Amino acid sequence: MALHIVAEANRCLNCKKPRCQQGCPVHTPIPTVIQLFKENRLMDAGRMLFENNPMSAVCAIVCNHEKQCAGSCIRGIKETPVHFSSIEAYISDMYLDRMMIERPEKKTKKAAVIGCGPAGMTVAIKLAQAGYPVTVFEWKGKIGGLLQYGIPEFRLPKSFIDRYQTRMEEMGITIRTNTTIGSVLMIDELFRDGYASIFIGTGAEKPRTLGLQGESLGNVLFGLNYLANPKGHKLGDRVAIIGMGNAAMDVARTALRNGSRHVTLYARSKNVTASSSELSYAELDGADFVFGMQIEKITDEGPVFKKAIFNENDEIVGYEDEPVQVKADSTIISISQMPRRKLARTTDGLKMTERGLLEVDENYMTTRPGVFGAGDVVTGAKTVVHAVDGAKKAAEAMIRYMESEEA
Ligand SMILES: Cc1cc2nc3c(=O)[nH]c(=O)nc-3n(C[C@H](O)[C@H](O)[C@H](O)COP(=O)(O)OP(=O)(O)OC[C@H]3O[C@@H](n4cnc5c(N)ncnc54)[C@H](O)[C@@H]3O)c2cc1C
Ligand code: SF4
């Protein structure tokens, strides 16, 4: 690996106007990092990466690089782009365990973070680095959000999250797991207990339902519930998956790795929302794909579809009359997810938008003064790097707020 990435770094043209950097949602200073790496200044390169993106070690693995840094690299126009993600993975993997943790002078005001996914982790790290005492409240038993309970182990080893937790604790961040805010403890009680500013990074982890007959049957599951604990479910040999997004690909690949032999994904149209690389991996692992299947209901036998009729432009122009019963031991519904309303329901003045997302202004402040939000709960289901982007801006706004008289 080392030889490959050195060769890869040597291919970088150190462009004056780096298109790779523009293509990255958090504008990672790619050419500078590559130059530092070439000068054997690994720790400086790592520091630069983490300053810009505390989730760098994760993003190097899970980002859609073909659409972002690699997809924008000038070398990609005529030949293969520079695969910065491999270089980033090497540097940030080393840096994660070796970084010097500095403890800046403690500020008197303290902050609370609700939810410990990539957004909450980013805010906690940024605030701790600025000297604010931070307590993170996490509903589940382990931190990481969808890195822990969504993205499968074979794509992102969970050990990364444990390593992050160690470093966060060394930074002085207090993490309270198994603690839901909006249930036993409320946001008002956090203010009562002296938190000057609160961040909501509770994600979008409520599976979307089909609203069709059969969803509560014993042989039916939602994708996120399955991915949270794949070993806890006996799916059987034949698995039908409704949906063709990235999460559905993870469901299919996980089912194939856990013993199911015939895994088929069904989509209504001919559009696949998953990225082309995720689709090819699922195909490589043995998943099958069937298009033009409109789900009607689910029975004990499996899903029932209506077959779509397409015109020459692949647009649906109608459906065949006769429904098709597909035989499956298990049916998994994986058609995206949305935020829960728990916090809005239990907090005076905290509003959700009509689309069911947490409402924030241009400073990432919610409709409740002193309460900020970012990540999937604000944007809807997106990606790790987009959660980091919003969280960084929210952390800056929280610092401005805490430094002001208001807090
Ligand atoms: C199967 C799957 C695969 C994915 N693959 C990729 C990928 O390859 N690349 C990529 O970039 N993105 C991927 N994503 C998307 C990515 O994981 C999310 O965009 C990202 O995790 C969002 O971060 P977040 O911090 O906003 O929310 P989350 O990661 O959802 O974290 C929210 C946290 O808040 C906690 N929480 C919720 N409510 C409360 C409460 N009331 N009190 C306390 N804690 C609470 C939750 O338990 C959770 O830990 C994938 C998503 C899924 C579902
Ligand atoms: S666009 Fe490609 S060649 Fe240019 S600086 Fe970025 S990685 Fe290097």
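This is a short tour of a predicted model, with suggestions for what to select at each stop.

**The sheet**

Begin by selecting strands β6, β14, β7, β8 and β9. These 5 strands form an open sheet, in the order β6-β14-β7-β8-β9, with parallel pairing. Colour β6 (220-222) and β9 (288-290) separately: they are the edge strands, each pairing on one side only. As you look across the sheet, the twist averages 25° from one strand to the next.

**Strand β7 and its two partners**

Now select residues 238-242, which make up strand β7. Is β7 enclosed or open to the outside? Of its 5 residues, 4 are buried, so the strand is largely enclosed by the rest of the structure.

Turn next to the partner β8 (residues 262-266), which runs parallel to β7 and is joined to it by 5 bridges. To see one of the pairs, show V239 in β7 and its bridge partner V263 in β8. Follow the chain from β7 and you pass through helix α13 (residues 246-257) before reaching β8; this β-α-β crossover is right-handed.

On to strand β14 (residues 330-333), which pairs with β7 in the parallel sense over 4 bridges. Here, show I241 together with I332, the residue of β14 that stands opposite.

**Out to β6, then onto the helix**

From β14, move to β6: the two run parallel and are joined by 3 bridges. V220 is a good residue to pick, with T331 as its bridge partner in β14. Now bring α13 back into view, where the helix packs on the sheet and touches β7, β8 and β14. Compare directions while you are there: that of α13 makes about 170° with that of β8.

**Ligand 1**

Select ligand 1 and the residues around it. How many residues surround ligand 1? The shell holds 40, and the closest are G115, G117, G145, G203 and G375. Several helices each supply at least two residues of this shell: α8 (118-129), α9 (146-149), α12 (223-228), α13, α15 (342-346), α16 (376-379) and α17 (384-403). You will recognise α13 from the sheet, where it touches β7, β8 and β14. Coloured by class, the shell around ligand 1 divides into 20 nonpolar, 13 polar and 7 charged residues.

**Ligand 2**

Then go to ligand 2, which is surrounded by 14 residues; C12, C15, C20, C73 and V82 are the closest. Two elements give two or more residues to this shell, namely α2 (19-23) and α3 (30-38). By class, there are 11 nonpolar residues around ligand 2, along with 1 polar and 2 charged.

**Three single residues to finish**

Pick N178 in the loop between β3 (174-176) and α11 (187-192). Its phi is positive, about 50°, although N178 is not a glycine. N178 has 10 other C-beta atoms within 10 Å, so it counts as exposed.

Next, go to Y364 in the loop between α15 and β16 (371-373). Y364 also has a positive phi, of about 65°, without being a glycine. Is Y364 buried or exposed? It counts as buried, because 25 C-beta neighbours lie inside 10 Å.

The last stop is E51, in helix α4 (residues 42-52). E51 is exposed, with 12 other C-beta atoms within 10 Å. Finish by drawing a distance from E51 to Y195: their C-alpha atoms are separated by 25 Å, and the two residues are 144 residues apart along the chain.

Key. Residues numbered from 1 in each chain as written. Chains lettered and ligands numbered in written order. Predicted model: local features only at pLDDT ≥ 70, side-chain atom pairs only at ≥ 80, totals over all residues. Buried ≥ 20, exposed ≤ 12 C-beta atoms within 10 Å, placed from the backbone. Pairing = 2+ DSSP bridges. Right-handed = clockwise from strand over helix to strand, strands pointing away. Near = placed C-beta within 6 Å. Nonpolar A, V, L, I, M, F, W, Y, C, P; charged D, E, K, R; others polar. Axes fitted to C-alpha atoms, helices over the stretch in contact; angles between N-to-C directions. Contact = placed C-beta atoms within 7 Å.
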